[in-house]
Amino acid sequence: MKRTRSLLFITVFSLSVLLAGCSNSEQAESKPGSSASVQAEASSESQTTDSETIEEENSVMNMIVQVGGSTFTATLEENAAVNALVEMMERGPVTIQMSDYSGFEKVGPLGTSLPTSNSQTTTHAGDIVLYQGNQIVIFYGSNSWSYTRLGRIDDLTGWEEALGSGTVTVTFSLEA
C-alpha cells in the first residue's frame, strides 16, 4: 500500500511539474519582449512590408496618348516592353508619325527596338501593341496577330474620330 501511495505521489508530482512547464512556455510566447513575441512582431512587420511591396507592384501605371488635338489616357500592361517604353517616356514624350493600315489600325516606327513577349492576340479598338519589336500599333478596329501588349485606351469616346484617316502624329507621355 505504501508503494502504491509513493507511485501515486510521484506521478502527481511529475504531472504538476509538466503542467507548470507548459504554462510558463505559453506565458513566454505572449509576454512582450519575449523571444516568441519578438518573432511574432517581426513576422507581422514583414507581412506589412510584403503587402506594401505587392501594392506598389500592382499599382496601375497610366500614360497620356495625344492624337492631334485630342488627349486620351491609357492603362499600361506589366512587361519588359512597357518598362523600356516607360524609360523612354521618362526622358521625354515619344512622338510617332502613324499611318493607316487596312482600315483598323495605325502603325508607326518607334525608332528603336523594345523587348518582346509576343503572343497570338485578338485586338480591339483602343489596344496599343508592339509589332516586330520596333513598331507601335494602335487599334480602332480588331485584328488577330502575334503582338506584345503595351496598354489600352481607358475611354474610347472620340477615339476613332481623332485617329481619322491617313497619317496622324501621336505623342505618348507619362501621366503627371
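What follows is a short exchange about helix H3, the salt bridges, the cores and strand S6 in a predicted model.

Colleague: How far does helix H3 reach from its first C-alpha to its last?
Modeller: Helix H3 covers residues 80–91, so count 12 residues under the DSSP assignment. At 1.5 Å a residue, the expected reach is 16 Å. The model comes close to that, and the reach is 17 Å.

Colleague: Which residue caps the N-terminal end of H3?
Modeller: Look for a side-chain oxygen beside the backbone nitrogen of Ala-81. The two atoms lie 3.1 Å apart. The cut-off for a polar contact is 3.5 Å. The oxygen belongs to Asn-79.

Colleague: What is the phi of the residue that follows H3?
Modeller: The residue after H3 is Gly-92. Its phi is positive. The value is near 150 degrees.

Colleague: Which residues of H3 are buried?
Modeller: Buried means under 20% relative accessible area. Strands cover these residues, including S1 (62–67), S2 (70–76) and S3 (94–101). S6 (127–131), S8 (143–153) and S9 (168–174) are also among the elements that cover them. The buried residues are Ala-81, Val-82, Ala-84, Leu-85, Val-86, Met-88 and Met-89.

Colleague: Which element gives the largest share of the largest nonpolar core?
Modeller: In soluble globular proteins, nonpolar side chains tend to be buried together. The largest nonpolar core here has 31 residues. Of this core, 7 residues come from one element, the largest share. That element is H3.

Colleague: Which residues have the most contacts inside that core?
Modeller: Take Val-65 as an example. Leaving out residues up to four places away in sequence, Val-65 touches Ile-128, Trp-159 and Phe-172, among others. Its partners also include Phe-72, Ile-153 and Val-170. The residues with the most contacts inside the core are Val-65, Val-67, Ile-128, Ile-136, Ile-138, Trp-159 and Phe-172.

Colleague: How many residues are in the core that lies apart from the largest one, which has 31 residues?
Modeller: The largest core has 31 residues. Apart from it lies another core, with Phe-104, Val-107, Val-129 and Tyr-147 among its members. Its count is 6 residues.

Colleague: Is Lys-106 buried or exposed?
Modeller: Lys-106 meets Asp-100 in a salt bridge, at 3.4 Å from N to O. Asp-100 counts as partly exposed because its relative accessibility is 32%. Lys-106 is at 0% relative accessibility, so it counts as buried.

Colleague: Which residues are linked in a network of salt bridges?
Modeller: The count of salt bridges comes to 3. Asp-127 forms one with Arg-149, their closest N and O atoms being 3.3 Å apart. Asp-127 also meets Arg-152 in a salt bridge, at 2.9 Å. The linked residues are Asp-127, Arg-149 and Arg-152.

Colleague: How far apart in sequence are Asp-127 and Arg-152?
Modeller: Asp-127 is buried, because its relative accessible area is 3%. Arg-152, at 34% relative accessibility, counts as partly exposed. Their salt bridge spans 2.9 Å from N to O. Asp-127 lies in strand S6 and Arg-152 in strand S8, so the pair ties together parts whose separation in sequence is 25 residues.

Colleague: How many of the 5 residues of S6 are buried?
Modeller: S6 pairs with S8 in the antiparallel sense over 4 bridges. Another 4 bridges join S6 to strand S7 (residues 135–139), and these two also run antiparallel. S6 is largely enclosed by the rest of the structure, because its buried residues number 4 of the 5.

Colleague: Which residue in S7 is the bridge partner of Leu-130?
Modeller: On the S8 side, Ile-128 stands opposite Gly-151. On the S7 side, S6 and S7 form a hairpin with 3 residues between them. There the bridge partner of Leu-130 is Ile-136.

Colleague: What is the phi of Gln-132?
Modeller: Gln-132 is found in the loop between S6 and S7. It is exposed because its relative accessible area is 53%. Gln-132 is a residue other than glycine, yet its phi is positive. The value is near 55 degrees.

Colleague: Where is Ser-102 found?
Modeller: Ser-102 is not a glycine, although its phi is positive at about 60 degrees. It sits in the loop between S3 and strand S4 (105–109).

Key:
Residues are numbered from 1 along each chain as its sequence is written. This is a predicted model: local features need pLDDT of at least 70, side-chain atom pairs count only at pLDDT 80 or more; totals for chains, interfaces and linings use all residues. Side-chain values use heavy atoms; hydrogens and water are left out. The expected span of a helix is 1.5 Å times one less than its number of residues. Buried means under 20% relative accessible area, exposed over 50%, partly exposed in between (1.4 Å probe, protein chains only). Contact means heavy atoms within 4.5 Å. A polar contact is a pair of N or O atoms within 3.5 Å; within protein, one must be able to donate a hydrogen and the other to accept it, and residues adjacent in sequence count only if both atoms are side-chain atoms. A salt bridge is a side-chain nitrogen of Lys or Arg within 4 Å of a carboxyl oxygen of Asp or Glu. A nonpolar core is a set of buried Ala, Val, Leu, Ile, Met, Phe, Trp, Tyr and Cys residues joined through side-chain atoms within 4.5 Å. Two strands pair if DSSP finds at least two bridges between them.
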